[in-house]
Amino acid sequence: MSERYDVVIIGAGNGGLTTACRASLMGLKCLCIERHNTVGGAAASFVRGRFEFEASLHEIPALSRGEEQGELSRLFDELGIKMEWLEIPDAFRVIVQDDGQRLLDATVPHGRKAFTDYMESICPGSRESIDLFFDAEAAVESGLEYLGKSRGKPDPELLQTEHAEFMKLLSMSAGEFLRKIHMPQKAIDIISAYWPYQGSDMETIDASRYIMMTCAYFRGGAYMPKLRSHDLANELEKAARRKGCDFWYNTEVTKILTKDGAVCGVETADGRRVECCAVVSNAFPDVVYTKMLDDKSLIPETELKKANARSYGLRAFVLYLGLDATPEELGIRDYTVFIYPTTDTTKLFELTKKSDLHGSCLPAHLTSTCINIVNPDATPPGTCHFALTTGYVSDLWDKVSPEEYNTVKHRIADQLLRRYEEVMGIDIRSHIEEVSIATPVTFARYMGTPQGTVYGYHSSSWDGMSARVLAGGGEQTVPGLFFTGAHANRLSGFFPTLTQGDLTGRQVMGYVMSGGATQGPGKKAGSGQGARKPEGGGQS
């Protein structure tokens, strides 16, 4: 006899774990199935020699407390997530250098007042546009809150009257918005430094999405877990378990089962079947549609068209280094440095498509991070954890043969290191004690994501956060099938995937408690299969 749950969650990444927490907190009987032997997905760390390397996380916003408590801080309080966070001292340092000529060098502070004052000091006349930039965040938050409450059925007239500014922002790219508020070009160049975190250029990224992210950083600061991002994943799992969620590890879901036109369960590689009313997938929609769903005739034509039209987002390349000296001894003063050859993000984005893996061209973008700037105890005394990251937005690594793979990855690592040393004037190479190189192939093998993408789908103008948010819950796939993670409505990044996971948990609760599409196997309308009384007065 198969087991029964209200919800089965495929994958224990950040999105799936947060969905498990929210759905369990609200009284649903949940099972999370993970094919790996641990939680986290991209939220992971690994050990080489005497160093524990952070696999993916640079920083998380929206964790501030006090009067301006951040969205993630409120969410974690609700879910019972308690862990130690370390505040990152500055937003970032951005350097633009080409042919030995430094075109821009700015170290940007956190805090709205400090940020505004700094920008005015180096970009005279920018204060008014910076204030408009921050004011737009309130319009975005208000609009998103209304859309969430409307459950996919917003009132068009109300949107055009009470949320007119929000609707205007939804039609703009980030670049268009910054020009529309008459921000000086130098200020635009600095604020645009975060574009790799969105995986697209400023003329493509949704204004609403970029405003949300950058304002969260500039206003409320950025943080990282003291014990790496895997500590966060572990805490999410513990919280979900406390609320009654079950977990199966080393188990792969191979089929999503349907009956009478709706999801009714899953089947694992070892033949186990689990009945359920709803399935939440961390796996990509195109993977679910082509490989996992048992009845493909149920997939709406629009969903198939979208899946075929989408392209995958940024594929990461990371050079992890354990150095035998402290940041102070090496001359490293900054936690995050963005290094670019130009301020034109459109050109930079195009370069990520055309990078010559077999040549000697400069990386289109380079981000350095040194954890010890934030956490001096992150490595053994007298050492530091240092990483260099770049990325690609096309499947360039598919053209690298197995025979040349090691040669190519070491060539790219050497180019990143040479570029950093040239721009910063810091000797890193002679202090390397441990080295590990992760290519898109590495991420594909470890995470199981198509082409090793760590950013879900590419955020294009027709399929960005704005388009997905406006569609809201109105875009039903197969009844009972939901998605979470970097490919879902809020797109990629730790902050978006965590908040999307929470939103998905609420959506699933509404679906299950309303009886589902066909009332599910062996249950009555209006009650989940084995659903418990929601804890803490949770509402769907």
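Reply: Two strands pair if DSSP finds at least two bridges between them. Strands (E, at least two residues) and helices (H or I, at least four residues) are DSSP runs, numbered from the N terminus. This is a predicted model, in which local features need pLDDT of at least 70 and side-chain atom pairs count only at pLDDT 80 or more, while totals for chains, interfaces and linings use all residues. Residues are numbered from 1 along each chain as its sequence is written, and side-chain values use heavy atoms, with hydrogens and water left out.

Me: Which residue in strand 13 is the bridge partner of E3?

Reply: Strands of a sheet pair through backbone hydrogen bonds, either parallel or antiparallel. Here, E3 has V274 of strand 13 as its bridge partner. Strand 1 and strand 13 (residues 273-275) pair in the parallel sense, over 2 bridges.

Me: What is the order of the strands in the open sheet?

Reply: The order of this 4-stranded open sheet is 1-13-12-11, and its pairing is mixed. Its edge strands, strand 1 (3-4) and strand 11 (253-259), each pair on one side only.

Me: How should the packing of helix 1 and helix 11 be read?

Reply: Axes are lines fitted to C-alpha atoms, for helices over the stretch in contact, and angles run from 0 to 180 degrees between N-to-C directions. Helix 1 (residues 14-25) packs with helix 11 (residues 229-242) at an angle of about 25 degrees, and their axes are 8 Å apart. The two helices, 1 and 11, are therefore roughly parallel to each other, a term for angles under 35 degrees.

Me: How is a cavity recognised, and how many of 30 Å³ or more does the structure hold?

Reply: Rolling a probe the size of a water molecule over the atoms shows where empty space is left. On a 1 Å grid over the protein atoms alone, a cavity is a set of points where a 1.4 Å probe fits but cannot get out; lining residues have an atom within 4 Å of a point. Grid points are joined across faces, edges and corners, and a volume is the space filled by probe spheres set on the points. The structure holds 5 cavities of 30 Å³ or more.

Me: What volume does the largest cavity have, and which helices each supply at least two residues of its lining?

Reply: The volume of the largest cavity is about 110 Å³. Helix 10 (207-220) and helix 19 (494-513) each supply at least two of its lining residues. Among the lining residues are R209, M212 and F495.

Definitions and conventions. 1 Å grid on protein atoms, 1.4 Å probe; cavity = no way out; pocket = protein on both sides within 12 Å on 5 of 7 lines; lining within 4 Å. Parallel < 35°, antiparallel > 145°, perpendicular 65-115°, else oblique.
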